Amino acid sequence: DDWTFIEVNTALVPPGYVAEQDGTPYFEDIAVLLLDQPVQDATDLPILATSIDPQWVSENMPVRSVGFGVTRLGQLSEYLRGVDLARVAVSECVSAWGSGGVESGKDICAGEPNPGNCGFAGVPQCADTCSGDSGGPLFKFDTATQTSTLHGLVSRGSAACGLAGYPGIYTGIAPWKSAIEEVIATAPLRI
């Protein structure tokens with residue numbers, strides 16, 4: 001595949017963004033990137049989730065994330081890799097991370113689709129995103145319409161990556177939809 005690299009012109013972050021410091025988790029971990037030039041042939045880009053629909057809220061909803069993050073070998077991937085995950089209830093996420101680690105109503109959680117099949121000597125790591133995947137997509141693919149819906153962005157998780165019982169935390173897109181659309185509508189169009 002041919003890759004096109006486009007420079008980022010401006011990165012816009014919310015005023016309430018807090019970067020992780022001394023174990024304090026990220027909050028409002030999202031940015032809108034304005035590119036230096038338009039993306040050509042953008043037909044395969046995922047659409048934004050417009051709301052957290054009942055089907056999405058259900059536990060075990062299959063989702064996928066892609067990125068160049070650290071692999072089980074402990075190194076950043078040279079190739080774009082994907083991982084299949086399952087939506088995890090926020091209550092389960094809060095049980096793992098504590099109420100201070102998950103922004104209720106803004107964060108969503110996803111982890112190993114078959115948690116009983118990992119976390120032991122034979123399969124020590126569960127499916128997860130890892131360092132280097134941050135900012136990457138968490139999306140749901142609809143086989144009927146052949147479209148992807150962007151539901152979240154990789155935000156944070158265990159430093160060990162794939163730690164059983166600790167699902168990854170993703171910044172939900174739906175709560176930011178209006179702000180994203182406002183930025184897109186007022187951004188200078190570059191042709």
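I began with Trp 3, which in this predicted model sits in the segment before strand E1 (8-12). I asked whether Trp 3 is buried or exposed, and at 54% relative accessibility it counts as exposed, because the cut-off for that class is over 50%. I then looked up which residues make a nonpolar surface patch with Trp 3, and found Phe 5, Phe 68 and Leu 80, the patch covering about 510 Å².

Next I turned to the interior. The largest nonpolar core has ten residues, and I listed them as Met 61, Val 63, Val 83, Leu 85, Ile 108, Ala 110, Ala 127, Leu 138, Val 154 and Tyr 170. Strand E5 (81-88) and strand E6 (107-111) are the elements that give two or more residues to this core. A second core, separate from that one, has eight residues, among them Ile 30, Leu 150, Trp 176 and Ile 180.

I took Ala 110 as one member of the ten-residue core and looked up its contacts, leaving aside neighbours within four places in sequence. Ala 110 is in contact with Val 63, Leu 85, Leu 138 and Tyr 170, and also with Ala 86, Arg 87, Val 88, Pro 167 and Gly 168.

My last entry concerns the backbone at Cys 161, which is found in the loop between strand E8 (147-156) and strand E9 (168-172). Although Cys 161 is not a glycine, I noted that its phi is positive, at about 60°. Most residues other than glycine have a negative phi. I also checked the accessibility of Cys 161, which is 9%, so this residue counts as buried, the cut-off being under 20%.

Conventions
Residues numbered from 1 in each chain as written. Predicted model: local features only at pLDDT ≥ 70, side-chain atom pairs only at ≥ 80, totals over all residues. Heavy atoms only, no water. Core = buried A, V, L, I, M, F, W, Y, C linked by side-chain atoms within 4.5 Å. Buried < 20%, exposed > 50% of the residue type's maximum accessible area, 1.4 Å probe, protein only. Helix = DSSP H or I, 4+ residues; strand = E, 2+ residues; numbered from the N terminus. Contact = heavy atoms within 4.5 Å. Patch = residues over 30% accessible without salt bridge, like charges linked within 9 Å, V, L, I, M, F, W, Y side chains within 5 Å. Areas by Shrake-Rupley, 256 points an atom, 1.4 Å probe, with all protein chains shown as cover. Salt bridge = Lys/Arg side-chain N within 4 Å of Asp/Glu carboxyl O.
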